[in-house]
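Reader: Hi! I am in my first year and still learning how to read a protein structure. Could you take one part and walk me through it closely, then show me how to look at a few other places with the same eye?

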Amino acid sequence: MKKLLPFLLVLTSCTLSQQEKGKLLSEKYCGSCHLPVAPAMLDQNTWTQHVLPAMAPKLGIGVWQESSYYVKPGKGTNLTIEEWNAIVDYYKTLAPQQLPAAVLPQPLKADLQLFDLVQPVVKTNETPVTATTTMVSINPFTGALYSSSENGATLYQWDSTLNGRPAIKLQSTAVAMNWRAADTALLTCIGSIRAVDIAQGMLWEVHPAQPEATQVKTIGMGLPRPVQSIGADFNKDGRLDYLVNGFGHDYGGLYILQQTAEQDYQRKAIWEVPGAIHSVVDDFNKDGWPDIMTLFAYGDEGLWLFLNDQHGGFKQQSLLRFPPVNGSTSFQVVDMNNDGLPDILYTSGDNGDYSMELKPFHGVYLYLNKGDFRFEKAWSYPVNGCTKAIAADFDGDGDLDIASIAFFADLKNRPEESFILFRQEGPLAFTPHTMPALKAAGRWICMDAADYDHDGDLDIVLGNYSKGFMIQGDIKPGSNVNIPLVLLRNNLK
């Protein structure tokens with residue numbers, strides 16, 4: 001189709017309307033970098049005042065004030081100002097004045113009693129009281145709870161009564177903690193929370209229970225805003241390597257820090273594009289070698305599979321692609337229908353970029369594995385600003401439920417969607433339940449689940465970020481700005 005577009009434009013230039021020309025041009029130029037985006041996916045003001053002015057420089061188009069455009073010399077895209085104006089007119093004319101609200105297939109039931117809400121003890125002089133949490137993690141081996149905050153660059157540990165204490169001083173805030181043993185974890189520190197091209201991220205191996213002198217081993221430095229890391233022996237040389245999701249900004253990539261015989265690490269790029277937000281390492285093709293599945297959440301959003309070629313490289317394969325306004329946030333590989341094939345639980349809901357408005361297509365999605373790495377959507381539920389979902393048997397009935405959080409929830413009309421437990425009542429039949437008490441407790445940006453209290457059921461910890469990133473300017477959410485996290489203690493047992 002892309003090869004036919006230039007000829008189609010020439011042959012029909014005398015008969016096409018301005019909007020029809022704009023559609024073909026957007027498919028040719030915008031669609032060369034990502035899936036084409038329909039005008040109906042954003043409102044008119046967002047297109048004309050934010051998204052199109054931000055995209056224009058990528059195509060060699062300069063922007064004056066009041067969204068007036070001109071061709072920047074020497075950019076080489078061959079896009080004329082007339083063609084760009086046709087693209088602008090296409091979106092401006094066909095975009096709605098306002099996006100419709102999502103239609104819920106089932107109403108949210110405010111009746112969730114499976115968990116007891118436990119809040120930390122706040123002692124102003126001793127406990128970290130800032131609600132700018134960037135990471136929460138329950139050690140699956142011990143149940144110990146850890147967190148990190150944008151302010152202070154510290155790893156905190158929380159005891160059984162939710163009293164917090166500083167555990168390890170960091171150089172920047174931690175955003176992921178991947179446990180390898182009872183006292184060994186990979187700690188990914190982003191460098192800068194803000195969307196800038198500053199490569200100051202670090203990967204540490206940490207041992208929180210050890211003396212300070214042996215708590216930290218540096219694995220990688222100068223990483224482009226890394227958000228997750230995983231250890232695996234990718235080349236099967238007997239030495240542990242590390243996969244790093246360098247989300248970056250305009251620059252980033254998916255990297256392997258390959259361990260050498262000298263116990264040093266060499267950085268190798270698997271795919272050097274920004275937006276790598278989450279990965280799963282597994283032997284997906286059952287050949288005995290570790291493969292990688294990664295969600296990219298910037299520009300050309302989607303899930304890609306990187307199959308280990310057994311010679312130090314990877315063969316790349318696209319699994320699912322999403323429009324660049326989807327705001328992909330997380331995924332989990334899990335067998336939801338118990339057929340022996342790994343399925344994909346996916347969330348979309350990032351609203352912190354150029355299109356900061358509630359979107360009816362944000363939510364939780366389930367894609368079933370049809371074999372040969374083909375996935376089809378089987379279930380979804382709209383959740384404004386959905387940030388993460390975890391599938392697990394929370395209610396102990398033998399099937400998998402889904403817990404979701406939404407940092408950019410509709411705080412005016414549906415604040416309770418910030419946390420939902422979808423209980424599976426039958427095969428892929430989920431009923432959404434919420435906890436009213438959570439609405440005033442915080443805004444949840446991160447989540448983890450494990451058996452915190454060692455009683456045989458799964459508890460949930462939610463990280464609170466209540467000091468910024470508001471997209472509904474006239475709303476005062478009333479969230480607690482003094483507690484970094486809350487615990488949902490499962491009362492099943």
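Author: What follows is a close look at one strand and its partners, and then a short tour of other spots. Please keep in mind that this is a predicted model, and that every value below is computed from it.

Let us begin with strand 13, which covers residues 241–246. Is this strand buried or exposed? Six of its six residues are buried, so the strand is largely enclosed by the rest of the structure. A residue counts as buried when its relative accessible area is under 20%.

Now look at the directions of the side chains. In a regular strand the side chains alternate between the two faces of the sheet. In strand 13, Asp 241, Leu 243 and Asn 245 point one way, while Tyr 242, Val 244 and Gly 246 point the other way. All of these residues are buried, whichever way they point.

Which strands pair with strand 13? One partner is strand 12 (residues 226–232), which runs antiparallel to strand 13 and is joined to it by six bridges. Another is strand 14 (residues 253–259), also paired in the antiparallel sense, over five bridges. Val 244 is a good residue to click on here. Val 244 is the bridge partner of Ser 229, and Val 244 also stands opposite Tyr 255 in strand 14. Following the chain from strand 13 to strand 14 takes you through a hairpin with six residues between the strands. Within this hairpin, Gly 248 takes a positive phi near 65°.

You can compare that turn with another hairpin, made by strand 18 and strand 19. Strand 18 (residues 301–308) and strand 19 (residues 314–322) pair in the antiparallel sense over eight bridges. To find your place in this pair, look for Trp 304, whose bridge partner in strand 19 is Ser 318. Five residues lie between the two strands, and Gln 310 in the turn has a positive phi of about 65°.

Positive phi values deserve a closer look. Most residues other than glycine have a negative phi. Leu 162, which is not a glycine, has a positive phi near 60°. Leu 162 sits in the loop between strand 6 (154–158) and strand 7 (164–169). With a relative accessibility of 0%, Leu 162 counts as buried. Phe 373 is likewise not a glycine and has a positive phi of about 60°. The place to find Phe 373 is the loop between strand 22 (363–369) and strand 23 (375–382). Here the relative accessible area is 22%, so Phe 373 is partly exposed.

Next, try two residues whose side chains make polar contacts. Thr 134 belongs to strand 4 (residues 133–138) and is buried, with a relative accessible area of 13%. The side chain of Thr 134 makes a polar contact of 2.6 Å with the side chain of Thr 173. A polar atom of the Thr 134 side chain also lies 2.7 Å from the backbone oxygen of Ala 174. Beyond its neighbours within four places in sequence, Thr 134 is in contact with several residues, among them Ser 148, Glu 150, Ile 193 and Cys 446.

Gln 424 belongs to strand 26 (residues 419–426). Gln 424 is buried too, with a relative accessible area of 5%. A polar atom of its side chain lies 2.5 Å from the backbone oxygen of Leu 400, and the side chain of Gln 424 reaches the backbone nitrogen of Leu 428 at 2.9 Å. Not counting residues up to four places away in sequence, Gln 424 touches others including Met 336, Asp 397 and Phe 430.

Finally, look at the empty spaces. How many cavities of 30 Å³ or more does a search of the whole structure find? The search finds one, and about 40 Å³ of space lies in the largest cavity. Its lining includes Phe 408, Arg 443 and Gln 472, and by class has six nonpolar, one polar and one charged residues. The second largest pocket holds about 390 Å³ of space. This pocket is lined by 17 residues, and Gln 98, Leu 99, Leu 358, Asp 410 and Gln 472 lie nearest its centre. The pocket lining divides into eight nonpolar, four polar and five charged residues. Gln 472 is thus a nice place to pause, as a residue listed in the lining of the cavity and in that of the pocket.

Technical notes:
Residues numbered from 1 in each chain as written. Predicted model: local features only at pLDDT ≥ 70, side-chain atom pairs only at ≥ 80, totals over all residues. Heavy atoms only, no water. Helix = DSSP H or I, 4+ residues; strand = E, 2+ residues; numbered from the N terminus. Buried < 20%, exposed > 50% of the residue type's maximum accessible area, 1.4 Å probe, protein only. Polar contact = N/O pair within 3.5 Å; in protein donor to acceptor, adjacent residues only side chain to side chain. Contact = heavy atoms within 4.5 Å. Pairing = 2+ DSSP bridges. 1 Å grid on protein atoms, 1.4 Å probe; cavity = no way out; pocket = protein on both sides within 12 Å on 5 of 7 lines; lining within 4 Å. Points joined across faces, edges and corners; volume = space filled by probe spheres on them. Nonpolar A, V, L, I, M, F, W, Y, C, P; charged D, E, K, R; others polar.
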